[in-house]
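Here is a briefing to read beside the model. Keep the sequence and the coordinates open as you go.

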Amino acid sequence: MEKSAKVFVAGHRGMVGSAIMRKLTENNFLNVITRTSEQLDLRNQQEVDTFFKAENPDYVFLAAAKVGGILANNVYRAEFLYDNLLIESNIIHAAYKYKTKKLLFLGSSCIYPKMAPQPLKEEYLLTGLLEPTNEPYAIAKITGIKLCEAYRDQYGCNFISAMPTNLYGQGDNYHPENSHVIPGLIRRFHDAKMNRNDHVAIWGSGSPLREFLYVDDLANACLFLMEKYNEKLFINIGTGIDITIKDLAELIKEVVGFEGSIVFDASKPDGTPRKLMDVSKLAAMGWQYSIFLKEGLTKTYEFFKDEISK
Ligand SMILES: NC(=O)c1ccc[n+]([C@@H]2O[C@H](COP(=O)([O-])OP(=O)(O)OC[C@H]3O[C@@H](n4cnc5c(N)ncnc54)[C@H](OP(=O)(O)O)[C@@H]3O)[C@@H](O)[C@H]2O)c1
């Protein structure tokens, strides 16, 4: 990517998009264009076409999506499928039509079958049934991957896809109903500390294993792939290390400084038992994460406190 190239970050106010923005600024990319969802509804094909025709971006980071935790994914099933299909179809088609040099589509680890062998290798895509609670979102993300592949096959577009593991960090969403596991736990432990509660109740058994990547590491990987990766097959982004929800909760409890106990509510769903990315492909290209979990959680808790004090 040339420093003067026109770069469009779709979803620049989101957690991932804003981390990509920070990384682009840090690397002196001066010609970055953005639109909020109020300025440009990416579900609207005509608006997206008009925008691409006028702006003609050279590079596109597709980090706009309707995103949420287990509950939101399960309740708003139609919206998660419809919005995400429209956003990715409109952008990918316009990028082809207006000759974008390269596009990076961001998916998620939920694209893999629920019972796929671990760690998850890229070739396990479409080898089994998905986790039902987030199936609509996963189907939309799989479609995004297939769109990138199909536009490469039919039109020779250099569209690549990357599948990040669970992310956390600056700009996360702390909404009590539709947040992901780390921001949800940070809020609950913080509130319990402030209210001097004697325990925090956590959904599920605590046994599922999950992998987490600090969002600035993800942004770093996105720029790396935009510079160096030109293959049809999508690529995983993660740390390659997982932790039980129970151990994660203990770590967050320590970072937040909550002194009560943790109670697991096993009557609530656990979701997929284990989700660990095989990151050997990315590692073979020379990329590795740099922010360890405890360091990342400590930074995240500081961002959370700043956020709630506003
Ligand atoms: N967060 C994670 O743990 C995680 C993990 C793996 C993969 N990912 C992937 O990373 C990508 C971004 O996730 P995120 O966590 O950054 O999500 P986020 O914080 O919710 O941000 C999503 C962004 O998408 C934009 N957007 C949504 N609907 C739009 C629409 N109709 N028109 C225009 N813009 C729209 C929003 O724009 P406005 O702010 O302007 O409304 C927002 O900035 C997604 O593809 C997701 O699958 C995320």
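Asn84 sits in helix α4, which covers residues 77-97. The model is predicted. Asn84 counts as buried because 25 other C-beta atoms lie within 10 Å, and the cut-off for burial is 20 or more.

**Asn84 and its surroundings**
- Beyond the neighbours within four places in sequence, Asn84 is in contact with Ala65, Lys66, Tyr137, Ala140 and Lys141.
- Tyr137, Ala140 and Lys141 are also among the buried residues of α5.
- Asp270 lies 186 residues from Asn84 in sequence. In space, the two C-alpha atoms are 25 Å apart.

**Helix α5**
- Helix α5 runs over residues 135-155.
- Its 21 residues should span 30 Å at 1.5 Å a residue. The end C-alpha atoms are 29 Å apart, which agrees.
- The buried residues of α5 are Pro136, Tyr137, Ala138, Ala140, Lys141, Gly144, Ile145, Leu147 and Cys148.
- These buried residues pack against two helices, α3 (70-75) and α4, and against two strands, β4 (102-106) and β5 (159-164).
- Gly156 follows just after α5 and takes a positive phi of about 75°.

**Val75 in helix α3**
- Val75 belongs to helix α3.
- Is Val75 buried or partly exposed? Val75 is partly exposed, because 14 other C-beta atoms lie within 10 Å, while burial needs 20 or more.
- Thr133 is 58 residues from Val75 along the chain, yet their C-alpha atoms are separated by 8.6 Å.

**Helix α8**
- Helix α8 takes in residues 245-256, 12 residues in total.
- From first C-alpha to last, α8 reaches 16 Å, close to the 16 Å expected at 1.5 Å a residue.
- Which residues of α8 are buried? They are Ile245, Leu248, Ala249, Ile252, Lys253, Val255 and Val256.
- Seen down the axis of α8, the buried residues fall within an arc of 165°, so they line one face of the helix.
- The cover over these buried residues includes the helices α6 (181-194) and α10 (293-309). It also includes the strands β7 (199-203), β8 (209-214), β10 (242-244) and β11 (261-265).
- Gly257, just after α8, takes a positive phi of about 85°.

**The shell around the ligand**
- How many residues surround the ligand? There are 25, and the closest are Gly11, Arg13, Gly14, Val16 and Ser37.
- At least two residues of the shell come from each of α1 (15-26), α4 and β6 (166-168).
- α1 gives the most, with 3 residues.
- By character, the shell divides into 11 nonpolar, 9 polar and 5 charged residues.
- Helix α4, home of Asn84, is thus named twice here: it contributes to the ligand shell and it packs against the buried residues of α5.

**The protein as a whole**
- The protein has 10 helices and 12 strands.
- A compact globule of 310 residues would have a radius of gyration near 19 Å. The protein has 19 Å, which agrees.
- Taken along the principal axes, the C-alpha atoms fill a box of roughly 60 × 45 × 40 Å.
- Of the 310 residues, 45% count as buried.
- Consider contacts between residues at least 6 apart in sequence: 83% of them join residues at least 24 apart.

How values were computed:
Residues numbered from 1 in each chain as written. Predicted model: local features only at pLDDT ≥ 70, side-chain atom pairs only at ≥ 80, totals over all residues. Helix = DSSP H or I, 4+ residues; strand = E, 2+ residues; numbered from the N terminus. Buried ≥ 20, exposed ≤ 12 C-beta atoms within 10 Å, placed from the backbone. Contact = placed C-beta atoms within 7 Å. Expected span 1.5 Å × (residues − 1). Arc of directions from axis to C-beta. Near = placed C-beta within 6 Å. Nonpolar A, V, L, I, M, F, W, Y, C, P; charged D, E, K, R; others polar. Rg over C-alpha atoms; globule rule 2.2 N^0.38 Å.
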